[in-house]
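Here is a structure to read slowly, with questions about how its terms are applied and answers that set each value against its rule.

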Amino acid sequence: MLHLALYQPDIPQNTGTMLRMAACLGVAVEIIEPAGFDVSDRHLRRSGLDYLDHVAITRHRSWDAFQAWRQEARLRLVLATTAGALPYTQHAFRDGDCLLMGRESAGVPEVVHAAADARVVVPIRPGLRSLNVAVCAAMILGEAIRQVG
């Protein structure tokens with residue numbers, strides 16, 4: 001199973017979109033706190049609607065807690081980043097990969113970059129900053145699922 005990790009998400013609507021996508025695609029979701037909003041079931045249900053019953057969500061109280069869990073589970077961490085060197089379509093995804101999406105407002109800190117086993121980028125036109133985080137997650141997960149089968 002593939003995993004989608006959300007590093008300290010800022011925007012509930014984006015989180016809800018990614019939760020719905022994960023439910024539909026059969027991808028587990030890891031939420032790395034603290035988030036920029038309340039990630040209790042009641043609040044997530046507002047943005048994820050009735051899809052929350054169909055997605056496995058694990059909340060990690062911190063980056064360190066997530067890292068400990070990931071290392072114990074032996075999951076490879078694939079960071080989606082605008083500073084990535086490899087276009088996501090050229091990365092060889094494997095079953096069990098954990099795709100990490102950064103904060104909408106700030107991405108991820110250097111310690112997270114350093115912990116990634118791979119860094120991928122969605123190429124965009126020069127002069128533009130980035131795509132919406134949920135759009136990037138959908139594009140990259142679609143490719144990962146295509147490769148993994």
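Q: What makes D97 and R76 a salt bridge?
A: The closest N and O atoms of D97 and R76 are 2.7 Å apart, and a salt bridge is defined as a side-chain nitrogen of Lys or Arg within 4 Å of a carboxyl oxygen of Asp or Glu, so the pair D97 and R76 counts as one. The pair links distant parts of the chain, with D97 in the loop between β5 (86–87) and β6 and R76 in the loop between α3 (63–73) and β4, 21 residues apart. As to the source, this is a predicted model, in which local features need pLDDT of at least 70 and side-chain atom pairs count only at pLDDT 80 or more, while totals for chains, interfaces and linings use all residues. Residues are numbered from 1 along each chain as its sequence is written, and side-chain values use heavy atoms, with hydrogens and water left out.

Q: Why are D97 and R76 called buried or exposed?
A: Buried means under 20% relative accessible area, exposed over 50%, and partly exposed in between, with a 1.4 Å probe and protein chains only. D97 has a relative accessible area of 3% and R76 has 17% relative accessibility, so D97 is buried and R76 counts as buried.

Q: How many salt bridges does the structure hold, and what does the one between D10 and R103 tie together?
A: The structure holds 4 salt bridges, and one of them joins D10 to R103, whose closest N and O atoms are 2.3 Å apart. D10 lies in the loop between β1 (3–7) and α1 (12–25) and R103 in the loop between β6 (98–101) and α4 (110–115), so the pair ties together parts that are 93 residues apart in sequence. D10, at 18% relative accessibility, counts as buried, whereas R103, at 22%, counts as partly exposed.

Q: Where do E143 and R146 lie, and which of the words buried or exposed applies to each?
A: E143 and R146 both lie in helix α5, 3 residues apart, about one turn of the helix, and they form a salt bridge with their closest N and O atoms 2.8 Å apart. E143 counts as buried at 11% relative accessibility, while R146 counts as exposed at 58%.

Q: Why do C24 and C136 form no disulfide?
A: A disulfide is a pair of cysteine sulfur atoms within 2.5 Å. The sulfur of C24 is 19 Å from the closest cysteine sulfur, in C136, too far for a bond, and the sulfur of C136 is 16 Å from the closest one, in C98, again too far. By this rule the count comes to 0 disulfides.

Q: Why is β1 described as largely enclosed?
A: 5 of the 5 residues of β1 are buried, so this strand is largely enclosed by the rest of the structure. Both faces of β1 are covered, since H3, A5 and Y7 on one side and L4 and L6 on the other are all buried. In a regular strand the side chains alternate between the two faces of the sheet.

Q: How do you know that β1 pairs with β2?
A: Two strands pair if DSSP finds at least two bridges between them, and 5 bridges join β1 to strand β2 (residues 28–32), which run parallel. Y7 stands opposite I32 in β2.

Key: Helices (H or I, at least four residues) and strands (E, at least two) are DSSP runs, numbered from the N terminus.
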